[in-house]
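Here's a relaxed walk through one protein model. Have the sequence and the 3D view handy as you read.

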Amino acid sequence: MIDRAFSFGPYELYPDRALLLHDGERVALGSRALSILSLLVERAGELVSTSEIIDRVWPGIFVEESNLRVQMASLRKAIDDVRAATPLIVNEPGRGYRFCAAVVTSAQGHGPTAPPVTAPKPLQPPLLINPLIGREEAIKSIIGHISARRLITLTGPGGIGKTSLALAVLATLKREGKTPICFIDLTTLRDPSRVASALAVSLQLPVANEPLTPLLDFLHDREMLIVFDNCEHVIVGAASVVEALLMRCAAISILTTSREALRSPGEVLYKVEPLTVPPPGSGLSRSQAIAFPAVQLFSERAASVDGNFRLTDGNAGSVAHICQQLDGLPLALELAAGSIGSLGLDALVAGLDNRLSLLTQGSRTVRRHETLRAMMDWSFDLLSDQQRLVLACLSVFRAAFSLDAAVNVLETASLSKPEIIQAIQHLSGKSLLVAEHSQNMFTYRMLVTTRNYAAEILSASDHQSSVLKRHAAYVLKCLAEARIEWKTQSFADWWTKHSRLMDDVRAALDWAFSPEGGERIGVELTIASGPLWLGRSLLGEYFGHVRQALGGLARYDAIGSREELLLQISLGHLLFAAEGASSSEIAVFQRVIELARKLADLPSQITALWALAGAQGVTGDHRAAFATTEQMIALTADIDDEESSLIATRMHALSHRLKGDFTEARRLGESLIAADVSPDTSIGHIYRYDRTTAARANLACVLWIQGYADRALIMIKETVDAALERRNPHSLAYILSSVACPLAFWCGDNDLAAYFIELLMQHSKANAFTYMSERAAHYAMICEAGAGLGRPLTADTLRGFRKLAVFDREVLITIVPSLIDEATATRAQTAETSWSTAEMLRAGGEKLLAFDRDQHAGTAEGLFQRAIDVARQQEAFAWELRAATSLARLKLDQGTSSGGLDLLNTTLDRLVEGSETADVRIARALQSQLRGARRSVSS
């Protein structure tokens, strides 16, 4: 074998064979120390700079000078003779090193036969310091891929935990004692051509000028798993080495981590996902929150930096919010947890909007992970100028977007459609965009940390204003398209398809109402986005936008315009959701009617009349409500608009019920159900109402009052189930509060009432229906006290019912008669009869008897008799049975049982259904008492 050989003193050095002999015996010396010696000996007598030595020994890798000093100490210990006057290697501080001994060089010579060279040991991979959380299934899956395939690449954005996951996989394999492992960290490598050299260093092999060929020879027959970590910045060099290894070394498997694929033959991509986070808006307990891996990671790391931190029921919501805002990104969660000790949980939550600068307490040993900003800088530096521009402009999208959306917003003279599409594909490949396939289309989205970084880049550019303007115009275009489908799709289907626009609507409105924005388009966006805000029940937020838009109308002379009309409709609906029927709501819809007539806008006029009739009914002005629905009927009589006609008919049926005309209310209700038309309808431009379930609920109420209790109960149960299935919160809350809860109480079914109340509470709170939440609370107090079963309410409970709208109080009095107040009792005796007059008269009589039975017996008897007369006139069998029972009981107490028995017999003989309802059971029990009293008198 022909080798270069260098001799100095008793030493012989053969650099090409990485061999140093001392008097013919091999000297144990590491590969890096041997490389240093070879360089110094080749340049004997010259000063070799520190940087030159590092470049030779650690090619393309950034290392600290301390690493060189460690290797130099090892080298000197091996070859220096302490008895010599001058050391072989001399250091010149700040400059470099010099080899001082005389060297004899042999360019071509037969070197000695070296002792057998043992196989170098690969450097061991670093150990995971912290336990890996939430990746158990991923580890199993990756190990399965390694067993089946030869090249697996873990991809994902920076901070997702690719390296940690790879190390966890290696730790598992090492415990199983299978394949030897070699780990190469490419983070500090600067030159893609040096990937092979880095592999040689990790294998502790000599680094030749062209190391790939000797590496392939060395690994040709060896079995090994080689891990290349952090390939993205040297992707071409890494792919080249990987492909060579796979082609020449049959027993080699390779695992790589990279923000983009190597695109090598046979590569299997494993996408590392963020840790699972709790769903938005979820009020979780500690036990519920800790089930999510993101919460587990944050809590474990927070406890490690702050010994006082504990996840509790009280702070679980805040921790869940942090995990949601940080996308479940492990690095971001660890940085956030590291800030707990200095910031505290509340300050951390409050500062998340500035997360790039807030989360700075990262690893001191990994510069690219020192802060979120450093991580993003690392990714951004790998992009072309065009890719950087596209990434910055895409930050205007707050939610997932399609290629078409990106082109709509970004296409300009400086960015063409092909360039935008190509850049998006590259950004997705580099894990800066998350590609998703849904609804038969590909969409892309940014993690929040990426978007915040890109938004900062955009704000510092000349493109921000124009891109934000085009984004707002695009959002408005999407809303216009959604508006077309508003009437043709079900509420649930429409919401599923278009709800993704919500966050982009927010962004567009923020820009439009900013000093740099366009207020006119802000008004248009506010109007067009109404269904989204109500669909998500973001009522408070939408209320602010509506007020803002109304305030801006005067600035461009739009008072009295169609824009004002539509904004006023939105305002009226928002007022009802927040306050219930009120003078403010009625005033708004009267303004809408005025504007709709002026603008000849019939659908908006019908919308306003619908809302106005509802408000009048709740405030107890049933005559006015009936007159309003008569206007609706008249307006729709001569137009070919099925939707408007059916709305008018349903409201007319409701107004007949409220004024006590149950026969006509039933006829209209049955005609609506028989029509069997589409169940959904839109009211005006923002409100979606399920017409069929509302009509069925109204009919169920009428049937119960008329004495068809069994049919009514079946119908209301089916109606609630249908409303739940159709996922229309507005209709469901209306049905539950106006009919389902009262009807369950009327039947004496406290369990069913509790079920309906719980549904009403859940959906009212989830959708921010303040008015409906208050009604649910009233029903709950009755249910908990057992008052629906006849138990008296305490004074404290009674105080909770002081502020009630007229209709709401009437409903509650039909459940708990003692809730009647003086105003309601007076109105029942003096005003026109309505749906509840008979019950209010009866309740008034019962309250008088409870106050002083002897003194008010005559007055109470008169009220009971009048209640019976009114109920018979209205064909309200249920109210008649209750009034007859009250009068019969009074007669029993007075000792005149015969008259009471005859009255109950006559009434119960007409019973058709509901033999198991509470009212019938009470009447039957009283009937038996009266019969016993009559027999006692006759005997």
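What follows is a short tour that starts with the whole chain and then stops at a few spots.

## The big picture

First things first: this is a predicted model. The protein runs to 939 residues, and 53% of them count as buried. If you're scanning for secondary structure, there's plenty to look at, with 45 helices and 17 strands in the protein.

How about the outside? The accessible surface comes to about 40,700 Å², and carbon and sulfur atoms hold 51% of that. As for how the chain meets itself, take the contacts between residues at least 6 apart in sequence: 66% of those join residues at least 24 apart.

## A five-stranded sheet

A good landmark is an open sheet of 5 strands, all paired in parallel, in the order E10-E11-E12-E9-E13. Its edges are strand E10 (181-185) and strand E13 (267-271), each of which pairs on one side only. Going from one strand to the next, the twist averages 15°. As background, strands of a sheet pair through backbone hydrogen bonds, either parallel or antiparallel.

Let's zoom in on one edge. E10 pairs with strand E11 (residues 224-229) in the parallel sense, over 5 bridges. Along that pairing, Cys 182 stands opposite Ile 226 in E11. The sheet has a helix for company too: helix H8 (residues 235-248) lies across strand E9 (151-155), E11 and strand E12 (252-258). Against E12, H8 runs at about 165°.

## The loop before H8

Where would you look for Val 234? Val 234 is in the loop between E11 and H8. Val 234 counts as buried because its relative accessibility is 1%, which is under the 20% cut-off.

Which residues does Val 234 touch, once you skip those up to four places away in sequence? The list is Leu 186, Leu 189, Asp 191, Pro 192 and Val 195. With one of them, Leu 189, the separation along the sequence is 45 residues, while the C-alpha atoms are 7.7 Å apart in space.

## Two loop residues with positive phi

Most residues other than glycine have a negative phi. Here are two that go the other way. Arg 263, in the loop between E12 and E13, has a phi near 65°. Ser 431 also has a phi near 65°, and this serine is found in the loop between helix H19 (417-429) and strand E14 (434-438).

Are these two buried or exposed? Arg 263 counts as exposed, because its relative accessibility is 61%. Ser 431 has 11% relative accessibility, so Ser 431 counts as buried.

## Helices with buried residues

Helix H12 (residues 330-338) is mostly covered, with 7 of its 9 residues buried. The buried ones are Pro 330, Leu 331, Ala 332, Leu 333, Leu 335, Ala 336 and Ala 337.

Over in helix H5 (residues 162-176) you'll find Thr 172. Thr 172 counts as buried because its relative accessibility is 15%. Leaving aside neighbours within four places in sequence, Thr 172 is in contact with Ile 139 and Ile 143. Thr 172 and Ile 139 sit 33 residues apart in sequence, and 8.4 Å apart from C-alpha to C-alpha.

## Gln 927 in H45

Now jump to helix H45 (residues 918-938), which holds Gln 927. Gln 927 has just 4% relative accessibility, so this glutamine counts as buried.

What does the side chain of Gln 927 make a polar contact with? The partner is the side chain of Asn 905, at 2.5 Å. Gln 927 also touches Leu 901, Leu 904 and Leu 908, along with Asn 905 itself, when residues up to four places away in sequence are not counted.

## Cysteines

How many disulfides does the structure hold? The count is 0. Take Cys 783, which is in no disulfide: the nearest cysteine sulfur belongs to Cys 741 and is 9.0 Å away. A disulfide needs two cysteine sulfur atoms within 2.5 Å, so that cut-off is what counts here.

Cys 783 is buried, because its relative accessible area is 14%. Cys 478 counts as buried too, with a relative accessibility of 8%.

Technical notes
Residues numbered from 1 in each chain as written. Predicted model: local features only at pLDDT ≥ 70, side-chain atom pairs only at ≥ 80, totals over all residues. Heavy atoms only, no water. Helix = DSSP H or I, 4+ residues; strand = E, 2+ residues; numbered from the N terminus. Buried < 20%, exposed > 50% of the residue type's maximum accessible area, 1.4 Å probe, protein only. Contact = heavy atoms within 4.5 Å. Areas by Shrake-Rupley, 256 points an atom, 1.4 Å probe, with all protein chains shown as cover. Polar contact = N/O pair within 3.5 Å; in protein donor to acceptor, adjacent residues only side chain to side chain. Pairing = 2+ DSSP bridges. Axes fitted to C-alpha atoms, helices over the stretch in contact; angles between N-to-C directions.
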